[in-house]
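Me: I would like to go through this structure by asking how each label attached to it is justified, with the reasoning set out in full.

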Amino acid sequence: MHIPDGLMHPAVAAAGAVIAIGGIALALKRINGKISEDKIPTMALLSGGLFIAQMLNFPVGGGTTGHLIGAALACAIAGPMAAMIIMTTILVIQCLLFGDGGITALGLNVLNMAVIGTVVAWSGSVFSQKSKIGILIGAWLSVFAAAGACAAELAISNAINPSYGITAKISVPAMLGYHAIIGIGEAAITVAVVSYLQKVSPKIFINGKPKEAKA
Amino acid sequence: MSATVEAWKCAKICAAMFVLFAMGLGLYWTFSAEYGDGLEVTMEHAGVSEGESAYSAPLGYGENYLASFAMGAVGFGAVAALAFLVMEFLKRRK
């Protein structure tokens, strides 16, 4: 879901960057001075782990693949504010070192995957009191919402200038359709990893261990 | 003593991640490598091609299994290092 250079209208890219900077600034402000030293290696390993997990696209049918975004997993382990920072570091390295996602679209990619993905994942788990069902729903919703935002950005770009973006008639159903399926993979992987970590290393949950799922 | 235990624990976690990555990468190169992701396929459907990149990145994800594994290791290190530095900056001050 990494937006390349030249796809979005510059005004949309700029607006996205401004909102993303606002979201990241808020996250930095909220967690500044609140991270305990012994949790830093966990967060660094989580960031690196999510980077390599994002390299592994899995087939979702129809010649399409998807990969873990990881916002929900980062959220479950480190909490929403730290997750936003973790996701942003991944996206910055992907863009600057590997050319994955355009530099002019970095703001939009951060907005979609780090800010919207994290906030939506967190909302999902908060509404179901951090249970595994909540994490499952939050993970699926994080992908769906990030894809919805990307589809809207494509549609707005196209509406401003038809040489940018993709018309809403194509972008909205295609992006939401593919990512509704990709989101199932995200939800399954997130819950599997959270369940495993609960068993083998419950102390890893910086933001409090998720509750067991109720039947 | 505690630092040694922590370092050993981190090394074990890294090793486990890379074993999983090595296995996942095998599946990726077998089943997924030639297909695009959701956005790329949407662009293809709409007849939109990727424009010229405004920035030329020094690395790529690799064209084969071994190169991808190496790039994964490089990216893992870069992301972990950047996250570590950011979190060090944000840590609780005594």
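Me: What makes helix 1 of chain B stand out in the lining of the second largest pocket?
Reply: In this predicted model, helix 1 of chain B supplies four residues to that lining, which is the largest share. Helix 4 of chain A, together with strand 1 (36-37) and helix 2 (38-46) of chain B, is also among the elements that each supply at least two residues. The second largest pocket has a volume of about 780 Å³, and among its 34 lining residues Gly99(A), Asp100(A), Tyr28(B), Glu40(B) and Tyr61(B) lie nearest the centre. By class, the lining divides into 12 nonpolar, 16 polar and six charged residues.

Me: Which element gives the most to the lining of the largest pocket, and what classes of residue are found there?
Reply: Helix 1 of chain B again gives the most, here with 15 residues. The largest pocket holds about 1,400 Å³ of space, and its lining comprises 29 nonpolar, six polar and six charged residues. Of the 41 lining residues, Val193(A), Leu197(A), Ile13(B), Met17(B) and Leu20(B) lie nearest its centre.

Me: Why is the contact of Lys91(B) with Glu37(A) called a salt bridge?
Reply: The closest N and O atoms of the pair are 3.1 Å apart, and the cut-off for a side-chain nitrogen of Lys and a carboxyl oxygen of Glu is 4 Å, so the pair qualifies. Lys91(B) lies in the segment after helix 3 (65-90) of chain B, whereas Glu37(A) lies in the loop between helix 1 (10-31) and helix 2 (40-54) of chain A, so the salt bridge joins two chains.

Me: How do you know that Lys91(B) belongs to a network of salt bridges?
Reply: Lys91(B) also forms a salt bridge with Glu88(B), with the closest N and O atoms 3.0 Å apart, and Glu37(A), Glu88(B) and Lys91(B) are thereby linked in a network. The search of the whole structure finds two salt bridges over all chains.

Me: Why is Lys91(B) called buried, and which label is given to Glu37(A) and to Glu88(B)?
Reply: Buried means under 20% relative accessible area, and Lys91(B), at 19%, therefore counts as buried. Glu37(A), with 44%, is partly exposed, and Glu88(B), with 25%, is likewise partly exposed.

Me: What makes Leu50(A) notable in the largest nonpolar core?
Reply: Of the 79 residues in that core, Leu50(A) and Ile86(A) touch the most other members. Helix 4 (residues 80-98) of chain A gives the most to this core, with 12 residues. Leaving aside residues up to four places away in sequence, Leu50(A) touches Leu68(A), Gly70(A), Leu73(A), Ala74(A), Ile86(A), Met87(A) and Ile90(A).

Key
Residues are numbered from 1 along each chain as its sequence is written. Chains are lettered from A and ligands numbered from 1 in the order in which they are written. This is a predicted model: local features need pLDDT of at least 70, side-chain atom pairs count only at pLDDT 80 or more; totals for chains, interfaces and linings use all residues. Side-chain values use heavy atoms; hydrogens and water are left out. A nonpolar core is a set of buried Ala, Val, Leu, Ile, Met, Phe, Trp, Tyr and Cys residues joined through side-chain atoms within 4.5 Å. Buried means under 20% relative accessible area, exposed over 50%, partly exposed in between (1.4 Å probe, protein chains only). Contact means heavy atoms within 4.5 Å. On a 1 Å grid over the protein atoms alone, a cavity is a set of points where a 1.4 Å probe fits but cannot get out, and a pocket is an open set with protein on both sides within 12 Å along at least five of seven lines; lining residues have an atom within 4 Å of a point. Grid points are joined across faces, edges and corners, and a volume is the space filled by probe spheres set on the points. Ala, Val, Leu, Ile, Met, Phe, Trp, Tyr, Cys and Pro count as nonpolar, Asp, Glu, Lys and Arg as charged, and the others, Gly among them, as polar.
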